[in-house]
Protein chains: 2
Amino acid sequence: MSDALRQFKSQIFQGLANPTRIAIVEFLREGELSAGQLIEKLEIEQANASQHLAVLRAKQIVVSRKVGNQVYYSIRDHALIEVLDILRRYFYAQLNTTVNMLKEAAKEAPKSRLVTRR
Amino acid sequence: MSDALRQFKSQIFQGLANPTRIAIVEFLREGELSAGQLIEKLEIEQANASQHLAVLRAKQIVVSRKVGNQVYYSIRDHALIEVLDILRRYFYAQLNTTVNMLKEAAKEAPKSRLVTRR
DNA sequence: TGATCATATTCATAATTTCGAATATACTAA
DNA sequence: TTAGTATATTCGAAATTATGAATATGATCA
């Protein structure tokens, strides 16, 4: 695989490597929203939202469209939604694994208490 | 969507937000490899590879299995491969878009030269 | 024109990540 | 036990990222 492709992928991942930015992308699932609408939903500072939006633009994750006073954002490509959906399934699978492990552990040592790691 | 899920996703993305780590995951597509085999393929310092592997472990992206002297790594869940595949398709789609834009631009202004941005 | 609204950028600081070098651990073989 | 091999961890410096505060831009409306 080409280095350019790895570079590209890591750019995308960097763009999504923040919970607020993931929230933004998820709010945009249903269609475009203005910066103001996003800020309202996110409940964060305007400047902060604007910075996260700048990151998402720079990493090619969203596109913006200016209409008069406002700027409307949308997801550049549906592929990114698919990615998030896959991870949601992954998350629940992981969760199940963890829960089952804990159940097993509980069965094997019913009187023991959980021990903190590290 | 829950905050925990967003947190989880951003962890995964952080884990993959580096070209070397993407390379590792891709080498592991076909099955498990020892740390040494990975280092050979990656052509990077042993310590550096080991650090990236530690990140991938911490972010729950790979699992390791010790056999005598060596440590074998594999991808924890196939979902992550799917994610990378989706991004590959996205990458080429983006590439086509860019190429087409450049073609259009060339048609419209055949004598102009490309201007550097920023 | 000036006031106001929506959004972006800049700046300073703190926190995190990266990488190489050095060192440590853990297993194996002699 | 000692030496050697495979891998991990720690440390320090540089680079990158996150965040809030302040400021700037640009569009609209009076």
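These notebook entries record what I looked up in a predicted model of two protein chains and two DNA strands.

**Entry 1. Conventions**

I number residues from 1 along each chain as its sequence is written, and I letter chains from A and number ligands from 1 in the order in which they are written. Because the model is predicted, local features need pLDDT of at least 70 and side-chain atom pairs count only at pLDDT 80 or more, while totals for chains, interfaces and linings use all residues.

**Entry 2. Confidence and fold of chain A**

I began with pLDDT, the predictor's confidence in each residue, from 0 to 100. Chain A has a mean of 84, and 81% of its residues reach 70 or more. Among the elements of chain A, strand β1 (residues 33-34) has the highest mean, 97, and α5(A) the lowest, 75. Over residues 108-118 of chain A the pLDDT stays under 50, and there the model has 0 contacts beyond four places in sequence. I take two residues to be in contact if their C-beta atoms, placed from the backbone, lie within 7 Å.

I then listed the elements, which are DSSP runs numbered from the N terminus: helices are H or I of at least four residues, and strands are E of at least two. Chain A holds 5 helices and 3 strands, in the order α-α-β-α-α-β-β-α from the N terminus on. Of its 118 residues, 25% count as buried. A residue is buried if 20 or more other C-beta atoms lie within 10 Å of its own, exposed if 12 or fewer, and partly exposed in between, with C-beta atoms placed from the backbone. Among contacts in chain A between residues at least 6 apart in sequence, I noted that 54% join residues at least 24 apart.

**Entry 3. The interface of chains A and B**

I found 31 residues of chain A in contact with 31 residues of chain B. On the chain A side, α1 (3-16), α2 (19-27) and α5 (79-108) each supply at least two residues. The largest share, 12 residues, comes from α5(A). By class, this side has 18 nonpolar, 6 polar and 7 charged residues. Here Ala, Val, Leu, Ile, Met, Phe, Trp, Tyr, Cys and Pro count as nonpolar, Asp, Glu, Lys and Arg as charged, and the others, Gly among them, as polar.

**Entry 4. The DNA strands**

For nearness I used a C-beta atom, placed from the backbone, within 6 Å of the strand. DNA strand D is surrounded by 24 residues, the closest being A47(A), G68(A), G36(B), A47(B) and Q70(B). Two or more residues each come from α4 (46-58) of chain A and from α3 (35-42), α4 (46-58) and β3 (70-75) of chain B. The most, 6 residues, are given by α4(B). The classes are 8 nonpolar, 15 polar and 1 charged.

DNA strand C is also surrounded by 24 residues, and A35(A), G36(A), A47(A), Q70(A) and G68(B) are the closest. At least two residues each are supplied by α3 (35-42), α4 and β3 (70-75) of chain A and by α4 of chain B. The largest share, 6 residues, belongs to α4(A). I read the classes as 8 nonpolar, 15 polar and 1 charged.

**Entry 5. Helix α4(B)**

I checked the length of α4(B) against the expected span, 1.5 Å times one less than the number of residues. Its 13 residues should span 18 Å, and its end C-alpha atoms are 18 Å apart, which agrees. The buried residues of α4(B) are A49(B), L53(B) and L56(B). Seen down the helix axis, they fall within an arc of 55°, so they line one face of α4(B); the arc is that of the directions from the axis to the C-beta atoms. Their cover includes α1 (3-16), α2 (19-27), α3, β2 (62-67) and β3 of chain B. On the other side, A47(B), N48(B), A54(B) and A58(B) are exposed.

**Entry 6. Loop residues**

I44(B) sits in the loop between α3 and α4 of chain B. With 17 other C-beta atoms within 10 Å, I44(B) is partly exposed. Not counting residues up to four places away in sequence, I44(B) touches T20(B), I39(B) and A49(B). The C-alpha atoms of I44(B) and T20(B), 24 residues apart along the chain, are separated by 9.1 Å.

I also looked up two positive phi values. E43(A), a residue other than glycine, has phi near 55°; E43(A) lies in the loop between α3 and α4 of chain A and is exposed, with 8 other C-beta atoms within 10 Å. Q60(B), likewise not a glycine, has phi of about 70°. Q60(B) is in the loop between α4 and β2 of chain B and is partly exposed, with 16 other C-beta atoms within 10 Å.
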